[in-house]
Amino acid sequence: MKKESLAMQNLPPYLFARIEKRIADAKAKGIDIINLGIGDPDQPTPPHIIKRMAEAITDPANHQYPSSVGLLEFRKTVAQWYQTRFGVEVDPDSEVVSLLGSKEGIAHISFAYLDKGDISLVPDPGYPVYGVGTLLAGGVPHIMPLKVENAYLPVLEDIPSDVAGKAKLMFLCYPNNPTGAVADLRFFNKVVEFAKSYDILVCHDGPYSEVAFDGLKVPSFLEAQGAKDVGIEFHSLSKTYNMTGWRLGWAVGNPEVIEVLGRFKSNVDSGVFQAIQFAGIEALQGPQDCVRDMQLIYEQRRDVVQAGLEKMGWQITPPRGSLYFWVPVPKGHSSESFAELVLEKAGVIITPGNGYGENGEGYFRIALTVSSDRMKEAFERMAHNIGKVEF
Ligand SMILES: *Cc1c(COP(=O)(O)O)cnc(C)c1O
């Protein structure tokens, strides 16, 4: 067989493979595993959204190829949602494109913008797709370290000016996966200034905008002054409405970029099944109490995790948004050795931080995607079998 492309060969190794093997082994032995590693909501999609899907699926008009940029009605709904939620004006005709989940758009933006050797600025630790999309497109990721002392925001001044001058894309994500950090409008304003001075296209990934706690309303990147001149925002229904399996997202913002991304997509896919778009319209336009219910469930679990960690000796600020706690490993451990210890001693899966980039070493991630009861049990087992931790 012919060899895969160099770009494929050169992708970083999949760091979770080893832990996945251990999970499989433990399960085979009949050990009751509690998985705190899953970045996928465990709650079902709200019933009114499913009902709308069920209706739409019987309409033959929805059985044909959809428009690759999305139904105008869907794009209008997204625009209306941006207006209502963020006070941001976007033109549904030229500034919104539907996506097969935001991951699809995040990966493809690199293909639409990078030539061989072009640089994209990538947060580390971060969602792996930013760097992987860059590499598959032949580009070169330049890492922006996210550090606790900078509240997990990249320090723009630390990006060498020759790198910034050559960079075409910058990826950002707030509320952040995996660190749980949130960004304020002041930071986004700084990003716009930076992007303007170096002519960089900012790609803000915002799927967790509604996964924020204690009434916090996080801003959209597009609320920043002049954001639409330099960037776009990726978003989706996945986290807000427990719809990861449905594959419906969007990009909004700069009309030139939206046109390019739409043109790229029209050459590689044929858009989102229309019945799913109608379900998406229902999600964004319908009753929103399901969003508050979702937040309350995660707030409760956040408190369980916080108490559990504190009891074992961690001092940690709880996340204000996202589904994640980002926690330093105890003294004498690497991310992987600690994840293995927790699995072995407690039957609990945590995600080793080095899977999110070199700056993730020394951390692990806990996701709020299992019930409070199971979470309590996970921490009881850890406290009992591992005991107090030291740093
Ligand atoms: C979950 C997630 C997404 C959303 O992906 P979809 O393709 O829309 O399901 C995007 N970015 C990050 C960082 C995520 O964690």
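Contact here means heavy atoms within 4.5 Å. Keep that cut-off at hand, as several stops on this tour use it. The model in your viewer is a predicted one.

**Stop 1: N354 and its partners**

Select N354, which sits in the loop between β11 (351–352) and β12 (363–367). Now show what lies around N354: leaving out residues up to four places away in sequence, you should find L15, S335, E336, G360 and E361 in contact with N354. Is N354 buried or exposed? Its relative accessible area is 13%, and buried means under 20%, so N354 counts as buried.

**Stop 2: the whole chain**

Zoom out and colour by secondary structure. You will see 14 helices and twelve strands. The radius of gyration is 21 Å, close to the 21 Å that the globule rule gives for 391 residues, so the chain is as compact as a globular protein of that length. Along the principal axes, the C-alpha atoms fill a box of roughly 60 × 55 × 55 Å.

Switch to a surface view next. The accessible surface comes to about 17,300 Å², and carbon and sulfur atoms hold 53% of that area. Of the 391 residues, 56% count as buried. If you draw a contact map, look away from the diagonal: among contacts with a separation of 6 or more, 76% join residues 24 or more positions apart.

For a charge view, colour the 38 positive and 48 negative side chains. The centres of these two sets lie 5 Å apart.

**Stop 3: helix α11**

Select residues 274–285, which form helix α11. This helix has twelve residues and reaches 16 Å from its first C-alpha to its last, close to the 16 Å expected at 1.5 Å a residue. Ten of the twelve residues of α11 are buried, so this helix is largely enclosed by the rest of the structure. Try showing the side chains of some of the buried ones, including I276, F278, I281 and L284. What do the buried residues of α11 pack against? Display α3 (47–57), α4 and β8 to see the answer, as these are the packing partners.

**Stop 4: V97 in strand β2**

Move on to V97, a residue of strand β2 (residues 96–99). At 1% relative accessibility, V97 is buried. Beyond its neighbours within four places in sequence, V97 is in contact with V69, G249, W250, A251, I258, L261 and G262. Strand β8 (249–253), met at the previous stop as a partner of α11, covers residues 249–253. Add a distance label from V97 to G70: 27 residues separate them in sequence, while their C-alpha atoms are 6.2 Å apart.

**Stop 5: L72 in helix α4**

Next, pick L72, found in helix α4 (residues 72–86). With 33% relative accessibility, L72 counts as partly exposed. Outside the four places on either side in sequence, L72 is in contact with P92 and D93. For a longer ruler, label the distance between the C-alpha atoms of L72 and V191, which is 31 Å for a separation of 119 residues along the chain.

**Stop 6: helix α12 and what follows**

Select residues 289–312 for helix α12. It has 24 residues and reaches 35 Å from its first C-alpha to its last, close to the 34 Å expected at 1.5 Å a residue. G313 follows α12, with a positive phi near 120°. Continue to S322, in the loop between α12 and β9 (324–328). S322 is not a glycine, yet has a positive phi of about 75°. At 0% relative accessibility, S322 is buried.

**Stop 7: backbone angles to check**

Most residues other than glycine have a negative phi, and most peptide bonds are trans. With that in mind, visit R247, in the loop between β7 (231–236) and β8 (249–253). R247 has a positive phi of about 60° and is partly exposed, with a relative accessible area of 31%.

Where are the cis peptide bonds to look at? One runs from D124 to P125, with omega near 5°, and P125 lies in the loop between β3 (119–124) and α6 (129–136). Another runs from N177 to P178, with omega near 15°. P178 is in the loop between β5 (167–173) and α8 (185–198).

Conventions:
Residues numbered from 1 in each chain as written. Predicted model: local features only at pLDDT ≥ 70, side-chain atom pairs only at ≥ 80, totals over all residues. Heavy atoms only, no water. Helix = DSSP H or I, 4+ residues; strand = E, 2+ residues; numbered from the N terminus. Rg over C-alpha atoms; globule rule 2.2 N^0.38 Å. Buried < 20%, exposed > 50% of the residue type's maximum accessible area, 1.4 Å probe, protein only. Areas by Shrake-Rupley, 256 points an atom, 1.4 Å probe, with all protein chains shown as cover. Lys, Arg positive; Asp, Glu negative; His and termini not counted. Charge placed at Lys NZ, Arg CZ, Asp CG, Glu CD. Expected span 1.5 Å × (residues − 1).
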